[in-house]
Amino acid sequence: MEKARREMTERLKAVDMIIELRDCRIPEASTNPLLNMMAQGKPRLIVLAKTDMADPVQSEKWVRHLKKENQSCLAVDLMRDNGAGKKIIREALLLMKPKRDKQKARGINPRAVRAMACGIPNVGKSTMINRIVGKNTVKAADKPGVTRSLTWIHADPQLDLLDTPGVLWPKFDDEMTGSLLAALGSINDDILDRKMIAMDAIHVIQDLYPGMLEEIYESGEVNPNGMLKAIAAKRNLVRENNEPDTKRAAEMFLNELRKGRLGRLSLEHVHEEDTEDHSE
Ligand SMILES: Nc1nc2c(ncn2[C@@H]2O[C@H](COP(=O)(O)OP(=O)(O)OP(=O)(O)O)[C@@H](O)[C@H]2O)c(=O)[nH]1
Ligand SMILES: [Mg+2]
């Protein structure tokens, strides 16, 4: 990670703009604060991927919120939306238009825009590049740390894209950020306590979507540990001593959550006052 970050800072000098990929279900937890420091004032397009698994109402609110902060932003389904690649190219070129217009005015024929795809692991950087190119050029898979090196892809006559390895920052501001990233698969959870991660995710879902888990797992439990027991009971996960196997229930729950099987959920909601339009 440290090496990747050093390389990224170095490579940033050679690019015109940044395309920052984030997970639409956790647009704040999935941004890398170091990126702001490294960005050196380069134009940035934020692509919120995995909209197909996010709560559509929240996705719309997040896009509006980020745009209100003068950020260029798109929410996309990189798996099924055939137009996603075109939308991203259009938005990236729009962002670079002032600079390109200036070059044209000086009689310079602008070369293809060089954009670096960056973001934390497993958010869809490589998938986005494949979507733009229209075929599987770089490797993408559902686990963090798939991309290992920097690769330039001539994605479009007007756009060259740099695929980069996902980079996490060394220290999270709060524990919940780490849990959300682990819950949605951006941190390899082999080294983490899956039960804790699952309980944090249950807590967040119960807070943001009251009654949802209770309905899915047919339980009135409001305590996250109690909910894990209810999941174990519902899925027939019992230990040898006949106690509910909450460890396996946690693994099963996280798997269902990551695959979007619990329904379309966003684990971070925009604060209402942030999206209200006060212009009237
Ligand atoms: N459902 C859904 N899955 C997506 C979307 N975008 C990417 N994925 C999946 O997310 C997983 C990770 O995608 P990658 O493109 O490998 O992610 P990455 O950011 O390049 O990851 P690293 O190279 O590990 O940093 C893959 O299984 C993709 O199929 C999307 O919009 N919707
Ligand atoms: Mg990748």
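The following exercises, each with a worked solution, concern the pockets, cavities and salt bridges of one predicted model.

Residues are numbered from 1 along each chain as its sequence is written, and chains are lettered from A and ligands numbered from 1 in the order in which they are written. In this predicted model local features need pLDDT of at least 70, side-chain atom pairs count only at pLDDT 80 or more, and totals for chains, interfaces and linings use all residues, while side-chain values use heavy atoms, with hydrogens and water left out.

**Exercise 1. The largest pocket**

Describe the volume and the lining of the largest pocket.

Solution.

Step 1. A pocket is an open set of points on a 1 Å grid over the protein atoms alone, with protein on both sides within 12 Å along at least five of seven lines; a cavity is a set of points where a 1.4 Å probe fits but cannot get out; lining residues have an atom within 4 Å of a point.

Step 2. The volume, taken as the space filled by probe spheres set on the points, which are joined across faces, edges and corners, is about 710 Å³ for the largest pocket. Its lining has 32 residues, and those closest to the centre are Met79, Gly124, Thr127, Ala140 and Ala141.

Step 3. Helix 5 (residues 125-133) supplies the largest share of this lining, 5 residues. Helices (H or I, at least four residues) and strands (E, at least two) are DSSP runs, numbered from the N terminus.

Step 4. Sorted by class, the lining of the largest pocket holds 11 nonpolar, 9 polar and 12 charged residues. Here Ala, Val, Leu, Ile, Met, Phe, Trp, Tyr, Cys and Pro count as nonpolar, Asp, Glu, Lys and Arg as charged, and the others, Gly among them, as polar.

**Exercise 2. The largest cavity and its salt bridge**

Which residues line the largest cavity, and which salt bridge does Lys99 form?

Solution.

Step 1. The whole structure contains 3 cavities of 30 Å³ or more. In the largest cavity there is about 60 Å³ of space.

Step 2. The lining consists of Asp16, Met96, Lys99, Arg100, Gln103, Pro110, Arg111, Ala112 and Val113. Helix 4 (residues 84-105) gives the most to it, with 4 residues.

Step 3. A salt bridge (a side-chain nitrogen of Lys or Arg within 4 Å of a carboxyl oxygen of Asp or Glu) joins Lys99 to Asp16, with the closest N and O atoms 3.6 Å apart. This pair links distant parts of the chain, for Lys99 is in helix 4 and Asp16 in the loop between helix 1 (2-12) and strand 1 (17-23), 83 residues apart.

Step 4. Asp16, Lys99 and Arg111 are linked in a network of salt bridges.

Step 5. Buried means under 20% relative accessible area, exposed over 50%, and partly exposed in between (1.4 Å probe, protein chains only). Lys99 is partly exposed at 42%, whereas Asp16 is buried at 9%.

**Exercise 3. Salt bridges of Glu20**

Is Glu20 buried or exposed, and which side chains meet Glu20 in salt bridges?

Solution.

Step 1. Glu20 has a relative accessible area of 0%, so Glu20 is buried.

Step 2. Arg22 forms a salt bridge with Glu20, the closest N and O atoms being 3.2 Å apart. Arg44 also meets Glu20 in a salt bridge, at 3.0 Å from N to O.

Step 3. Because Arg44 lies in strand 2 (residues 44-49) and Glu20 in strand 1, this pair ties together parts that are 24 residues apart in sequence. Arg44 counts as buried, at 17% relative accessibility.
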